[in-house]
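The exercises below are to be worked with the sequence and the model side by side. Each task is followed by a solution in steps.

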Amino acid sequence: MATSHSPKRRTGGSVTRSSNGVIWRERAVGAILTVLAVLLGLGLFSHLVPNENQFLGTLSRIADSMRPWLLILAILLSLALLPLRAWRSAAITCLVALTGLGSIAWDYRSRSVPWAEQADLRVLWFNVLNDNEIAPDRIETELRNSGAEIIVLTEAMPAYEMKDRLADLYPHVIGCRSQTSCPMMILSRLEPEAVEEERPTGPTRSLFGFTVSPEGHPPWTSSRRISSNPGT
């Protein structure tokens, strides 16, 4: 009498492989979520961290300047959750990051108003460079058309002769005693008050300070520490 034997089912190996796959998937999701939490935390809240703690304050200031990129990186990294079937976490991450980007854009827009409409004083800072290849006449034309009340020029030896030609607009000049010693030249439409120049630590450094009083606005004070060596 013939008997039939049903094939034996081997389920142990497949169950083990399946459980290992689940474990590694969960670990991968956990690692990605940890990185995303760091990116979102820095991108959303780094600007709120005070500077009292040297380490955290320095780290937060670095992250503060990179907030939009950190949030964009979080969005891109969240896409890695999709093949791991963590769709809800990916969606929440994208939503939070997009909300943060919108908040940054709104804050930037609120601060970025047309400067000429609200400016009490327009100051132009420009490094002429001792070896600048741009013709001095072109630089002079741009300075004349800038509309600034105060122009601060560093490495200003190429601009030494401009101060006489620009005297009709900028009659007040600070610094730049000679063409061979002209690390900084300050041209002003307004008469400077309390002008100071000192060399606190020897011949390699100078500190310029002055105050101007725009009509109808509070006095404005500025100071600049520069190198007094013409080539530096």
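**Exercise 1. Classify Ala159 by its accessibility and locate it in the chain.**

Solution. Ala159 has a relative accessible area of 0%, so it is buried; buried means under 20% relative accessible area, exposed over 50%, and partly exposed in between, with a 1.4 Å probe and protein chains only. Ala159 sits in the loop between E2 and helix H7 (162-165). Helices (H or I, at least four residues) and strands (E, at least two) are DSSP runs, numbered from the N terminus. From Ala159 to Met184 the C-alpha distance is 9.8 Å, with their positions 25 residues apart in sequence.

The model is predicted: local features need pLDDT of at least 70, side-chain atom pairs count only at pLDDT 80 or more, and totals for chains, interfaces and linings use all residues. Residues are numbered from 1 along each chain as its sequence is written, and side-chain values use heavy atoms, with hydrogens and water left out.

**Exercise 2. State how many helices and strands the chain has, and what share of its residues is buried.**

Solution. The chain has seven helices and seven strands. In sequence order they give the pattern α-α-α-α-α-β-α-β-α-β-β-β-β-β. Of the 232 residues, 28% count as buried.

**Exercise 3. Give the strand order of the four-stranded open sheet and describe the surroundings of E2.**

Solution. Step one is the order, which is E1-E2-E4-E3, with mixed pairing; two strands pair if DSSP finds at least two bridges between them. The edge strands, each pairing on one side only, are E1 (123-127) and E3 (172-175).

Step two is the sense of each pairing. E1 and E2 are parallel over five bridges, and Phe126 has Leu153 of E2 as its bridge partner. E2 (residues 150-154) and E4 (residues 184-188) are antiparallel, also over five bridges, and here Leu153 is partnered by Met185 in E4.

Step three is burial. Five of the five residues of E2 are buried, so the strand is largely enclosed by the rest of the structure. In a regular strand the side chains alternate between the two faces of the sheet. On one side of E2 are Ile150, Val152 and Thr154, on the other Ile151 and Leu153, and all are buried.

**Exercise 4. Find the three salt bridges and say which parts of the chain each one joins.**

Solution. A salt bridge is a side-chain nitrogen of Lys or Arg within 4 Å of a carboxyl oxygen of Asp or Glu; the count is three.

- Glu149 and Arg122 form a salt bridge, with the closest N and O atoms 2.8 Å apart. Glu149 is in the loop between H6 and E2 and Arg122 in the loop between helix H5 (115-118) and E1, so the pair ties together parts 27 residues apart in sequence. Glu149 is buried at 14%, whereas Arg122 is partly exposed at 30%.
- Glu140 and Arg165 form a salt bridge at 2.7 Å between the closest N and O atoms. This pair links distant parts of the chain, helix H6 for Glu140 and helix H7 for Arg165, 25 residues apart. Glu140 is buried, with a relative accessible area of 11%, and Arg165 is partly exposed, with 38%.
- Arg144 and Asp168 meet at 2.9 Å, N to O. Arg144 lies in helix H6 and Asp168 in the loop between H7 and E3, so parts 24 residues apart in sequence are tied together. Arg144 is partly exposed at 28%, and Asp168 is exposed at 57%.
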